[in-house]
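User: Hello! I would like a close look at one part of this chain, with enough of its surroundings to place it.

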Amino acid sequence: MKTLIRADSSGSIGVGHIMRDIVLAQRLEGEIAFACIPLEGNIINQIPYPVHTLMSNDPYELIELIRMNRYERLVFDHYGIDRNFEKKVKDATGIEIMVLDDTYEKHHCDILLNHNISAKPQKYNSLVPEGCTLLCGKEHTLIRPEFIQEKSVVREKKYDLFIAMGGADTANKILEILPSTENLSVAVITTTANFHLPQLQTYAQTHPHVHLFINTSDVARIMNESKEAILTPSGIVHEALFMGLPFKAIQTARNQDDMVEYLKTNGYTVLESIR
């Protein structure tokens, strides 16, 4: 089956959608391609599949792309695409539509995936068409292969603290946390999508206890070398739980509400967003 994945990344929306879509792509059979708008701060060059560049988030541009390339399955992972958009594409092409959702929105799709451990399939009863296949919860969580490989490796704990506040870090959370870590060895994970990267690099240059990792492919290893973590309550929490890494979460966006509720209910520490 030929599959097209529609997702974006940028300095403002972050890189999480693309990262989890790459994991999903590895699980799908057949030919895979992505369709992305080249927004500022994107990580398109890190996608290990062919990428179609879109000029806009217009359904008719996407419909033409699907027809020209005869795609059979379309995966939407995008907060800027709603049920009406999905229906236009479905009606025009008849393509099988799979949607990744974590905020319980209405969708016009054949398959819905909410890979969060907090996902509740019953919440979708009135939100998706009758007959839609629901893939929700822990058994469908998208864990990157490197974490599965790293899980069995025993490593020295080189870092007292692992900090990852999302690829965008638009509120500059990392720099607000770091002044309180002077007596700790700190691993900071970020990406070139972070608009505050130059300030973060300057800080790391003058504070030798801070080890900055940018666009690293070694997140699993670094996490395995850390004693505890500060994270956003997002996809990276799944990886920390999988690795058995103790953590505190700081909420930075409303789309994390469901995960926040789950973590609090299960005894994990969740802090309000730093202002």
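Which strands does H6 lie across, and at about what angle does H6 run to S10? Please take me through this part in some detail.

Analyst: Happy to, with the reminder that this is a predicted model. Helix H6 lies across S9 and S10, and its direction makes an angle of about 145° with that of S10.

Let's begin with the two strands. S9 covers residues 186-190 and S10 covers residues 210-214; they pair in the parallel sense, with five bridges between them. One of the partnerships is that of Val186 with Val210 in S10. The helix, residues 197-206, belongs with these strands: S9, H6 and S10 together make a right-handed β-α-β unit.

Now to the helix itself. Its buried residues are Leu197, Leu200, Tyr203 and Ala204. These four sit on the same side of H6, because the arc they cover around the axis is only 120°. The spacing fits a general rule: an α-helix has 3.6 residues a turn, so residues three or four places apart point the same way. As for what they meet, the buried residues of H6 pack against S9 and S10, and also against helix H5, residues 173-177. On the face turned away from the buried side, H6 carries the exposed residues Gln205 and Thr206.

Stepping back, S9 and S10 belong to an open sheet of six strands, ordered S10-S9-S8-S11-S12-S13, with parallel pairing. S10 is an edge strand of this sheet, as is S13 (269-271), and each of them pairs on one side only. From one strand to the next, the twist averages 20°. Elsewhere in the sheet, S11 (residues 226-231) and S12 (residues 247-250) run parallel and are joined by three bridges. There, Leu231 stands opposite Ala249 of S12.

Finally, the whole chain as a setting. It holds nine helices and 13 strands. Its radius of gyration is 19 Å, close to the 19 Å that the globule rule gives for 275 residues, so the chain is as compact as a globular protein of that length. The C-alpha trace spans about 60 × 40 × 35 Å along the principal axes. Buried residues account for 52% of the 275 residues. Among contacts with a separation of 6 or more, 55% come from residues 24 or more positions apart.

To return to your part of the chain: H6 has its buried residues packed against H5, S9 and S10, while Gln205 and Thr206 are exposed on the face turned away from that side.

How values were computed. Residues are numbered from 1 along each chain as its sequence is written. This is a predicted model: local features need pLDDT of at least 70, side-chain atom pairs count only at pLDDT 80 or more; totals for chains, interfaces and linings use all residues. Side-chain values use heavy atoms; hydrogens and water are left out. Two strands pair if DSSP finds at least two bridges between them. A crossover is right-handed if, with the strands pointing away from the viewer, the path from the first strand over the helix to the second runs clockwise. Axes are lines fitted to C-alpha atoms, for helices over the stretch in contact, and angles run from 0 to 180 degrees between N-to-C directions. Contact means heavy atoms within 4.5 Å. Buried means under 20% relative accessible area, exposed over 50%, partly exposed in between (1.4 Å probe, protein chains only). The arc is that of the directions from the helix axis to the C-beta atoms. The radius of gyration is taken over C-alpha atoms; the globule rule is 2.2 Å times the number of residues to the power 0.38.
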